[in-house]
Structure formats: structure tokens, C-alpha cells
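Student: I am new to this structure and should like a close look at one part of it. Please begin with a single side chain and work outwards from there.

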Amino acid sequence: MSKIRRILVANRGEIALRIIRACKELQIKSVAIFSEVDAEGVWVKKADNSFKVSGDPVEAYLDYKRIIDIAIRTRCDAIHPGYGFLSESAEFAKACEENDIIFIGPKAEHIALYGDKMASKKAVKEVGVPVLEGTVTPVTDAKEGERIANEIGFPVIIKAAFGGGGRGMRIVYSANEFQELFESATNEAIKYFGKGEVFIEKYVQNPRHIEVQIVADKYGNVVHLGERDCSIQRRHQKVIEIAPSPRLNESTRKKLCETAVNAVKKIGYESVGTVEFLVDESDDFYFIEMNTRVQVEHPVTEIVSGIDIIQRMIEIAGGDRLKYTQEEIMIRGYAIEFRINAENPQNNFMPAVGTITNYMAPGGPGVRLDTSVYAGYTIPPNYDSMIGKLVVYALEYEGAVKKAFRALDEFFIDGIVTNISLHKAIVTDSDFQTGNFNTSYLEKKLPTFDFEKHKSKHIEDKSFILKGSDDLLF
């Protein structure tokens, strides 16, 4: 029985709402925090208690000292960081521990280890995980970086040593473009992570991006919940995620999942986590990184496994043992998640802010929508453009794709521009329908998509009503 009785949710939007709902099912009280621009957020109203954090709208979710103070004042015994913001801050996790507050996530030392891409690469290599050839210490000098890249052999990829999400990452195909891209990567790393160190490794062309969801308790028990295919990306940012991967052979799937479990077990990891790999055209795979938090795409794994990842994360933090063995976990069917972003695919994906004037959500069998927006909600310009996650499920991949088009076609959001037209273009593409894609899919396909054809009608559009002796609505 978990010793957690009240949780402060140190996040916003759909993930805050998702955690609050998990708390309610576990009969745990929840306390939400919100910035001045988030006062009308659904999660603020759904939590048992809510606490406004004045000042800068972003710092409201990043000032961990103030967040811990709020947790103490509201008598919370645990904090759930969600994803983004403080979720991968070892300093925050350590501060929670020092204040006798349970951090719902892994140990601070493991957050620090996996937050350092070079150290984590070295650590997993020592426990038998395949890694790509590359640097093992930070690189800050462009000339030194170019020398290393020539030794490895082009193409190479430059990655921020601290941080993730595709930021501070550049692919270099030849020596004559190395210096410019090196400076671009390091500048972006400084902007987003405060540190300009990068590492350089061999770049695998046209790989699939496959990640394995693991769950580990405090007693050495570790299981995996299958894999997800995250290959549909734009500029290294995930757009669509699928569980399980529609084109991964069973032998590779088995090796990937076993490798992930063995790695975290040997390191002594606790909580949920995701081990990410690149799988090349020969089905060889290489470690990319490990995310020490709940992933944006966790719903697809929940649907195909039947396991509530957020609830298990809370229970493990409270000292509970895993409730099942690997043999008891069954992966059934296919789930696809579409990240719904307030952005314009026809204008270089420019973020769109404003007020949602009309809103009609999809539903029906096999459809899940994780969101916190509604008609009348004003999207602030201060945060990430994602406003929801549409997830569909069917026993066969083909059925999931068909259900996806139906659900996307039902989804109406007026007042702002979204990327729903992009998703509709993707699900009608034959390569996506057959699972024939890798990380270069969107780069190649975007110029061929007809976004006008896939634009959603406005809710008040009556063009589909035929007038005759009787009004027929199709």
C-alpha cells in the first residue's frame, strides 16, 4: 500500500490533468499549480486544490524552490513532475529528497547519469548495450570536432551533451559544412540547456527510431511494456508514435526489449523510463538515450498493454512492488498517437495562438483524447505548441489507420490553426498505411502533401447539407 496521500503536480496542460486523474483513481489528493496565464486551465479546476504561482509564466513551472515550498505549505508528501520543465532535473529530485518529499521518478543520480548523454552512453556500453562510434568526452572546439568527425567518417551527427527533444542537434554530411553546423548546434544547446557542450557520433542514415518502455520497482524487479515506433518526426521532434512497431521483426523486437531490461536492471534503475534506439536497415540497433520520466507518448503503450503507467509510477515511488511479472504482460493490437499542435503546416509550422471559438472532439470505439483545451480557451504563447494527443486503437494496424482517419476527420477546432491536416495527409499516404517509414519519412513526404485537400471544415460550415424536398444530412 503506497504511503503517498497528497501529490503536488508540478506541470500544466494535458499531462497535469492526466496525473490528477490517476491520483483520483488511486484515492490520492492532488494539488495543482498554475501560472497567471493558466488560471482557466482545466487541470486547475479538476485538482482537489490549486495554487497560483505569480510572476513569469514559464518560471512558475521551473522555480523548484518555490514549488517545494508550496508542497510543504499544502502538506503534500510527493511531487509528480510530468514531462518537460523539471522532470529531468537531478537538482530538483535531490531537493525533494532533502525536504522529505517523495520525487515521483527515479533517483537523482540516475537522472544526472542519463541527462549526460556521454556518461550514459559509456554506462550502457559497459553493461552490453550496442552504441554508435563517437566521442566520450565533451567537445567545445569546432576544429577539434572536425578532426574527430573526419576520423569517424561522414555523415556524423552533432548532439547537445545535456538536454534532448532534438534541440542542439545537427547532421553533417561533409567537412566543408562542419564548422557552421557545429556553431549552430552549440548555440542552440546554450539557448535551451544553458550548456554548449556537444558530442559527435556516426550518423545512421534512414533508421527507425524505436523505444522500449520499462517499469522498475525499488526491489530489483524490472519489466518492459513493449516498444514504440517514433520514426515519424520533423526536425528530430516526434509527430506520431505507434505501439508496437508495425514493421519490426520478432527477433529484433525480443532483443531490443531484453537489452533495455537488462541495462536498467544492472544499473539499479527505479521508476518508469524509456530506452531509445536507432534500428538500421539491417535490423542492427544502437542506444540513443534514456528518458528518466514519463513520455509524451505513454498512452499508446497503456492501451496495448492495459497498464496505467502513471499509476504504476506513483505506486513505485510510494514503495509498492510491481504487480505483475513479464510473463503476465500481454501486448495486444496497435495504438497510434497523433500530437495535435497549434501550428500552421502551410506556413513552415508557425506556432498559432489565440482563442478556440468552436470545438468538437472525436470519440467512439477505440478513440482516446488527452487534452486540456475547450471552446473558449485561449492558448497562451508562452509554452510548447502541443494542445492534445489523439490516440486510436484497433487489433490490426490497418484497422488502427482507418480509425485514425475517421477520428481526425471528426476533430473540429475553430479559431486557431492546427496540424490536423498534416495528420490526415499522413494517414492517407500508402507508405504510412503499410508501415513503410523511417526517420526521413516526413522530410521526403512533406512537399507532396496537399494540405488544402485535408483541411477540416469549420463547425458552422453547412456545405454538406443538401436541400431538397427533405433536408438530408450526410
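Student: What is the relative accessible area of Lys218?

Tutor: In this predicted model, the relative accessible area of Lys218 is 38%. Lys218 therefore counts as partly exposed, because that class lies between the limits of 20% for buried and 50% for exposed.

The side chain of Lys218 has a partner: it meets the side chain of Glu270 in a salt bridge, with 3.3 Å from N to O. Lys218 is in the loop between strand 9 (208-216) and strand 10 (222-234), while Glu270 is in the loop between helix 9 (250-267) and strand 12 (271-279), so the salt bridge ties together parts that are 52 residues apart in sequence. Glu270 has a relative accessibility of 13% and therefore counts as buried. The pair thus joins a partly exposed lysine to a buried glutamate.

Strand 12 leads to another salt bridge. The side chains of Lys238 and Glu276 meet at 3.3 Å, N to O. Lys238 belongs to strand 11 (residues 237-243) and Glu276 to strand 12, and the pair links distant parts of the chain, 38 residues apart. Here Lys238 is buried, at a relative accessible area of 15%, and Glu276 is buried as well, at 2%. Both residues also belong to a network of salt bridges that links Glu211, Arg228, Lys238, Glu241, Glu276, Glu297 and Arg339.

These pairs belong to a wider set, for a search of the whole structure finds 38 salt bridges. One of them brings together the side chains of Lys389 and Glu14, at 3.1 Å from N to O. Lys389 lies in strand 21 (residues 386-394) and Glu14 in helix 1 (residues 13-25), so this salt bridge ties together parts that are 375 residues apart in sequence. Both Lys389 and Glu14 are buried.

Charged side chains also meet aromatic rings. The charged end of Arg321 sits over the ring of Tyr219, 4.1 Å from the ring centre. Likewise, Arg12 lies over the face of Tyr383, at 3.8 Å from the centre of the ring.

Rings may also pair with one another. In general, such a pair is described by the distance of the centres and the angle of the planes. The structure holds 17 aromatic pairs. One of them is formed by Tyr192 and Phe193: the ring centres are 6.5 Å apart and the planes stand at 50°, so the pair is tilted. Tyr192 is partly exposed, with 39% relative accessibility, and Phe193 is partly exposed too, with 27%. Elsewhere, ring pairs link Tyr334, Tyr397, Phe432, Phe437 and Tyr441 into a cluster.

Tyr192 and Phe193 direct attention to helix 8, which covers residues 178-193. This helix has 16 residues and reaches 22 Å from its first C-alpha to its last, close to the 22 Å expected at 1.5 Å a residue. Its buried residues are Phe178, Leu181, Phe182, Ala185, Thr186, Glu188 and Ala189. They cover an arc of only 160° around the axis, and so they lie on the same side of helix 8. A general rule applies here: an α-helix has 3.6 residues a turn, so residues three or four places apart point the same way. On the other side of helix 8, Glu180, Asn187 and Lys191 are exposed. The buried residues pack against helix 7 (142-152), strand 6 (156-160), strand 7 (169-172) and strand 8 (198-202). After helix 8 comes Gly194, with a positive phi near 80°.

Helix 3 (residues 64-73) offers a second case, with Tyr64, Ile67, Ile68, Ile70 and Ala71 buried. Seen down the axis, these residues fall within an arc of 155°, so they line one face of helix 3. Lys65 and Arg73 are exposed on the other side. The cover over the buried residues of helix 3 includes strand 1 (6-9), strand 2, strand 3 (49-52), strand 4 (78-80) and helix 4 (90-98). Arg75 follows helix 3 and has a positive phi, near 60°.

Strand 2 (residues 29-34) contains Val31, which counts as buried at 1% relative accessibility. Beyond its neighbours within four places in sequence, Val31 is in contact with Arg6, Ile7, Leu8, Val9, Asn49, Thr74 and Cys76.

Note on methods: Residues are numbered from 1 along each chain as its sequence is written. This is a predicted model: local features need pLDDT of at least 70, side-chain atom pairs count only at pLDDT 80 or more; totals for chains, interfaces and linings use all residues. Side-chain values use heavy atoms; hydrogens and water are left out. A salt bridge is a side-chain nitrogen of Lys or Arg within 4 Å of a carboxyl oxygen of Asp or Glu. Helices (H or I, at least four residues) and strands (E, at least two) are DSSP runs, numbered from the N terminus. Buried means under 20% relative accessible area, exposed over 50%, partly exposed in between (1.4 Å probe, protein chains only). Rings of Phe, Tyr and Trp (its six-membered ring) pair if their centres lie within 6.5 Å; planes under 30 degrees apart count as stacked, over 60 as edge-to-face and the rest as tilted. A charge sits over a ring if NZ of Lys or CZ of Arg is within 6 Å of the ring centre and within 35 degrees of the ring normal. The expected span of a helix is 1.5 Å times one less than its number of residues. The arc is that of the directions from the helix axis to the C-beta atoms. Contact means heavy atoms within 4.5 Å.
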